Amino acid sequence: MKQALAAFFLGLLFALGLGIAGMTQPAKIIAFLDVTGDWDPSLLLVMASATLVYFLSYRWITRRRAPILAEKFALPAAKHIDARLLAGSMLFGIGWGLSGYCPGPALVALSGLAPNTVVFAVSMLAGMLLFKWNDAWLTARRLEKL
Amino acid sequence: MEHFTPISATLGGLLIGLAAAGLLLFNGRIAGISGILGGLLDLPRGDVSWRGAFIAGLIAGGLLLLWFYPQALALPPDYSFATYAIAGLLVGYGTRLGSGCTSGHGVCGIARLSPRSLAAVATFMVSALVTVFVVRHVL
């Protein structure tokens, strides 16, 4: 319950950050990605300041034995760079470039109820479900072969 | 560079970094939006409550913005529904296959100096830059 409450307010803060930063405006993202056009470098500063804050706090936070509301830190364990990582990132980049939306900003912008945003968000969920089924099917086939 | 907004960009980034750090400090979790949302779809074995609460917080934040800072939710560009649908499918499928997006690999992963995240960010930046170049200057 406490974890959910913390997550709610941190999600809210995250959304305000995205909104103030300009990340929820696809036109601004596309202007950042359009380096040969009328380039808008704002997103570089968003990434730099967010990453710097996280970089400094990460060192301080992970010195603790555990988080405040959980028994342990749940950090990604995978280390190898594989085809899935690169292919997935490539597909994501194409979708990001086509629309100017990545997952967080799309969810925040949903409150504006613009039809284009709704179409994007529903399709994004469909893409995640498609991956889930496809992944389960591929895993099952791999196990059959063994 | 007439649309450059350095102050709001830096301030917004600061809040994003603080929120992500807060999720690590309190819940011990990486603030990767595609991972948090994708984990919700893994019902019932996922840990639903904090994930659902975080997503609800994002939506609530959107409502607050709509109220106090509506320019953040200005209408998206007038591309076709098909463009947004294809883009959404690619973003949804791609972020799950690649285990992350701009927040998890971008902010958290780079700050943790994770080689996987550095490779992911380099890959999606290049493919996004190429996509925008092709759409805007070639087609």
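These are my notes on one helix and one pair of aromatic rings in a predicted model.

**Helix H2 of chain A**

I began with helix H2 of chain A, residues 26-33, and looked up how far it is covered. Seven of its eight residues are buried, so I put H2(A) down as mostly covered. The buried residues are A:Pro26, A:Lys28, A:Ile29, A:Ile30, A:Ala31, A:Phe32 and A:Leu33.

Next I asked what covers the buried residues of H2(A). The cover includes helix H1 (2-21), helix H3 (42-61) and H4 of chain A, and also helix H6 (115-138) of chain B.

I then took H4(A) from that list. The axes of H2(A) and H4(A) cross at roughly 115° and come within 8 Å. On the H2(A) side, the contact is made by A:Pro26, A:Ile29, A:Ile30 and A:Leu33; on the H4(A) side, by A:Trp96, A:Gly97, A:Leu98 and A:Ser99. Sorted by class, this contact has six nonpolar residues, two polar ones and no charged ones.

**The ring pair**

I turned to aromatic pairs and found a count of 12 over all chains. I looked at A:Tyr101 and A:Phe120, whose ring centres are 5.2 Å apart. Why is this pair tilted? The planes stand at 45°, and a pair counts as tilted when its angle is neither under 30 degrees nor over 60.

The pair links distant parts of the chain, 19 residues apart. A:Tyr101 sits in the loop between helix H4 (83-99) and helix H5 (103-109) of chain A, while A:Phe120 belongs to helix H6 (residues 115-145) of chain A. Both A:Tyr101 and A:Phe120 are buried.

Last, I followed the ring pairs onward: they link A:Tyr101 and A:Phe120 with B:Tyr79 and B:Tyr84 into a cluster.

Definitions and conventions: Residues are numbered from 1 along each chain as its sequence is written. Chains are lettered from A and ligands numbered from 1 in the order in which they are written. This is a predicted model: local features need pLDDT of at least 70, side-chain atom pairs count only at pLDDT 80 or more; totals for chains, interfaces and linings use all residues. Side-chain values use heavy atoms; hydrogens and water are left out. Rings of Phe, Tyr and Trp (its six-membered ring) pair if their centres lie within 6.5 Å; planes under 30 degrees apart count as stacked, over 60 as edge-to-face and the rest as tilted. Helices (H or I, at least four residues) and strands (E, at least two) are DSSP runs, numbered from the N terminus. Buried means under 20% relative accessible area, exposed over 50%, partly exposed in between (1.4 Å probe, protein chains only). Contact means heavy atoms within 4.5 Å. Axes are lines fitted to C-alpha atoms, for helices over the stretch in contact, and angles run from 0 to 180 degrees between N-to-C directions. Ala, Val, Leu, Ile, Met, Phe, Trp, Tyr, Cys and Pro count as nonpolar, Asp, Glu, Lys and Arg as charged, and the others, Gly among them, as polar.
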